[in-house]
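Work through the following exercises with the sequence and the structure side by side, and try each task before reading its solution.

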Amino acid sequence: MIIDSHTHLIFRKSDALNSELKKLLEVMERTSVDKACIVPFPEPEGKYFFWKENEIVDTAKILANVISEYPNKFFSLLWLNPVLPNEFSIKMVEKYIVNGPIDGVKLHIQMNARDICMEPLAEVLQKYDIPVLFHAWYK
């Protein structure tokens, strides 16, 4: 089995998603990739890295639909912004990963992985043995 472990889907809300999915499925077929880990990469309302709660919720809904529609082709990571309140992130993890179809979390560089503010979210991720992809370079 060949797995692509980090594929971005670039879309603006759900309008461009179908064409992006079609392209991705065609490339997977052509290159003999059996399954891909998709990470959403929508074009947010504001600055690229500083997603708002509503953008994360909208993206999670779209991602959950994709995974439900193609369970044998994709697994996925929910992109969370570690700067947002832990209560929000934990709620998203519980709804879309613990009780939903999404497989793990992607955290970007808004916060250093060793920051004490990450502890509540990290504890929940550890409790449920949830995979985490963390971009860890320094700014």
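Helices and strands are here DSSP runs, numbered from the N terminus, and contact means heavy atoms within 4.5 Å. The model is a predicted one.

**Exercise 1.** Find which residues of helix α3 are buried, and which elements cover them.

Solution. Begin with residues 86–98, which form α3, and take buried to mean under 20% relative accessible area. The buried residues of this helix are N86, F88, S89, I90, M92, V93, Y96 and I97. Next, look at what lies over them: the cover includes α2 (53–69), β3 (74–80), β4 (104–107) and α4 (119–127). Finally, follow V93, which, leaving aside its neighbours within four places in sequence, is in contact with L80, V98, V105, L121, V124, L125 and I130.

**Exercise 2.** Determine the order of the strands in the sheet, and explain why β1 and β5 each have one side without a neighbour.

Solution. Reading across the open sheet, the 5 strands come in the order β1-β2-β3-β4-β5, with parallel pairing. Since β1 (3–9) and β5 (132–134) stand at the edges and each has a single partner strand, one side of each is left without a neighbour in the sheet. Within the sheet, β2 (residues 35–40) is joined to β3 by 3 bridges, and A36 stands opposite F74 in β3.

**Exercise 3.** Identify the element that gives the largest share of the largest nonpolar core.

Solution. This core has 39 residues, and those with the most contacts inside it are I38, F74, L78, L80, M92, V93 and V105. Its largest share, 7 residues, comes from α2.

Definitions and conventions. Residues are numbered from 1 along each chain as its sequence is written. This is a predicted model: local features need pLDDT of at least 70, side-chain atom pairs count only at pLDDT 80 or more; totals for chains, interfaces and linings use all residues. Side-chain values use heavy atoms; hydrogens and water are left out. Buried means under 20% relative accessible area, exposed over 50%, partly exposed in between (1.4 Å probe, protein chains only). Helices (H or I, at least four residues) and strands (E, at least two) are DSSP runs, numbered from the N terminus. Two strands pair if DSSP finds at least two bridges between them. A nonpolar core is a set of buried Ala, Val, Leu, Ile, Met, Phe, Trp, Tyr and Cys residues joined through side-chain atoms within 4.5 Å.
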